[in-house]
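Hello,

Here is the structure I promised to pass on. Please open it first, then read the notes below.

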Amino acid sequence: MRVLLIGANGYLGRFVADRLLADPAVQLTVLGRGDDADVRFDLASGSPGALTRFLDAVHPGVVVNCAGATRGGARELTRHNTVAVATVCEALRRSGCGARLVQLGCGAEYGPSQPGSSTAEDAVPRPGGPYGVSKLAATELVLGSGLDAVVLRVFSPAGPGTPAGSPLGRLAEAMRRAMQAGDGELKLGGLGAQRDFIDVRDVARAVHAASLSAAQGVINIGSGRAVRLRDAASVLARVAGYGGTLHELDGPPGPLRASIAHPRTDPDHAPPAAYPYPDGCGSWQQADVRTARDRLGWRPRINLEESLADIWMEAACRI
C-alpha cells in the first residue's frame with residue numbers, strides 16, 4: 001500500500017509516520033514544507049493543480065493529512081486548517097489516483113458539551129473558537145467532497161512530544177521548576193476543566209486502522225473518559241516523585257495558570273499569568289468511542305499515567 005503522508009513533522013504526524021513505517025506493507029511518501037520531506041509543498045499556498053500532478057505521479061492508495069495549525073489568529077487558522085484541506089480535496093478529485101483520504105479532525109469541532117455526557121459523532125457541532133471553526137469547516141469540505149474519506153476527530157492528545165505550551169506541558173514545566181528550586185508548594189490554577197486525553201501513539205494506531213478500513217464519515221478518537229486537570233496534576237506529581245503540596249488557586253475553570261510558590265515577602269512575586277484553554281470546549285469534554293471500536297476495531301491501549309510519565313521524562317530533561 002502506497003501512502004502519502006502530509007504533515008509528518010507535526011505533533012501527531014511524527015507518530016503516524018512511525019506507525020506507518022513499522023508496517024512492511026506500507027510504502028510511505030512524505031509531503032510537507034520541511035527540508036526532510038520527500039516532496040516540498042505548502043498546502044496553504046500551493047495550487048490544487050500542482051498537487052494533482054504530484055498525486056498522478058506517485059499514485060498513492062491512501063492520503064493521510066495530519067497538517068494544520070493549533071494556534072494563531074482566525075486568518076492563519078483558516079489558511080492552514082481549511083484552505084489547505086480544500087486544496088487536498090480538489091487535487092484528489094482531479095487526480096486519477098482514486099486515493100482514500102484520512103483527515104485528522106479535532107474534538108474542538110464539537111465545542112462545549114453537557115458535563116457528564118459523552119459526545120457521539122451525530123452531535124451537532126458548535127465550536128467555541130476560531131480553531132474549532134476552522135477544523136469543522138475542513139471536516140465539512142471532506143464530507144462533501146464525494147471522496148472515499150474518513151475524518152478522525154481526535155480529542156485531547158497527550159504523551160511524548162506534548163508541546164510545552166499545552167495545558168499538560170505547562171503542568172510538567174511548572175513541576176520541573178518547583179523541583180529544581182526545591183519548592184515545597186506548587187500553586188496551580190484553572191484545573192477544573194475536564195478533558196478526554198488520548199495518547200498520541202493510540203492516535204497513530206487509529207490512523208493506521210482507518211487507512212486499511214473502508215469506514216467513511218466521522219469517527220471519534222479518544223479514551224472515552226474525561227479527566228479533571230487537577231487529577232492529572234496529581235498523577236503527574238506522583239510519576240515525577242514530587243513530594244510537595246499542590247495548592248489549587250481560586251478561579252473559574254477554563255484558564256490554566258501555573259506559578260511556583262514564593263514566600264509572601266518576596267517583592268518579585270507576581271500573580272500567575274492566565275492562559276485560556278485553547279480548544280474552546282468549556283469545562284467538560286468526553287468522547288463516545290464506540291464507532292471507532294465497531295468500525296475500525298480500535299481501542300485505546302495506553303493509559304494517562306503512562307502518557308504523563310512520558311511528558312514528565314521530556315520535561316525533566318530540559319535545562
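**Cysteines first**

Cys106 counts as buried, at 11% relative accessibility. No disulfide involves Cys106: its nearest cysteine sulfur belongs to Cys281 and is 7.0 Å away. One caution before going on: this is a predicted model.

Cys97 is buried too, with a relative accessible area of 11%. Why does Cys97 form no bond with Cys89? The sulfur of Cys89 is the closest cysteine sulfur, but it lies 12 Å from that of Cys97, which is too far for a bond. A disulfide would need the two sulfur atoms within 2.5 Å. The disulfide count comes to zero.

**Strand β5**

Cys106 also belongs to the set of residues that point to one side of β5, along with Arg100, Val102 and Leu104. Leu101, Gln103 and Gly105 point the other way. Buried or exposed? Both sets are buried. The strand covers residues 100–106, and seven of its seven residues are buried, so β5 is largely enclosed by the rest of the structure.

**Its two partners**

Look next at how β5 pairs. Strand β4, residues 62–65, runs parallel to β5, with four bridges between them. Asn65 has Gln103 of β5 as its bridge partner. Helix α3, residues 74–94, completes a β-α-β unit with β4 and β5. That unit is right-handed.

Strand β6, residues 149–154, is also parallel to β5. Six bridges join β5 and β6. Here Gln103 stands opposite Val151. So much for the pairing; now the connection. From β5 the chain passes through helix α4, residues 130–143, and on to β6. This β-α-β crossover is right-handed.

**The aromatic pair**

How many aromatic pairs does a search of the whole structure find? It finds one. The partners are Tyr110 and Phe155. Their ring centres are 6.0 Å apart and their planes make an angle of 35°, so the pair is tilted, given that stacked means under 30 degrees and edge-to-face over 60.

Where do the two residues sit? Tyr110 is in the loop between β5 and α4. Phe155 is in the loop between β6 and β7, the latter being residues 156–158. The pair links distant parts of the chain, 45 residues apart. Tyr110 and Phe155 are both buried.

Tyr110 has a further contact. The charged end of Arg153 sits over the Tyr110 ring, 4.6 Å from the ring centre.

Best wishes

Conventions:
Residues numbered from 1 in each chain as written. Predicted model: local features only at pLDDT ≥ 70, side-chain atom pairs only at ≥ 80, totals over all residues. Heavy atoms only, no water. Buried < 20%, exposed > 50% of the residue type's maximum accessible area, 1.4 Å probe, protein only. Pairing = 2+ DSSP bridges. Right-handed = clockwise from strand over helix to strand, strands pointing away. Phe/Tyr/Trp six-rings, centres within 6.5 Å; stacked < 30°, edge-to-face > 60°. Lys NZ or Arg CZ within 6 Å of the ring centre and 35° of its normal.
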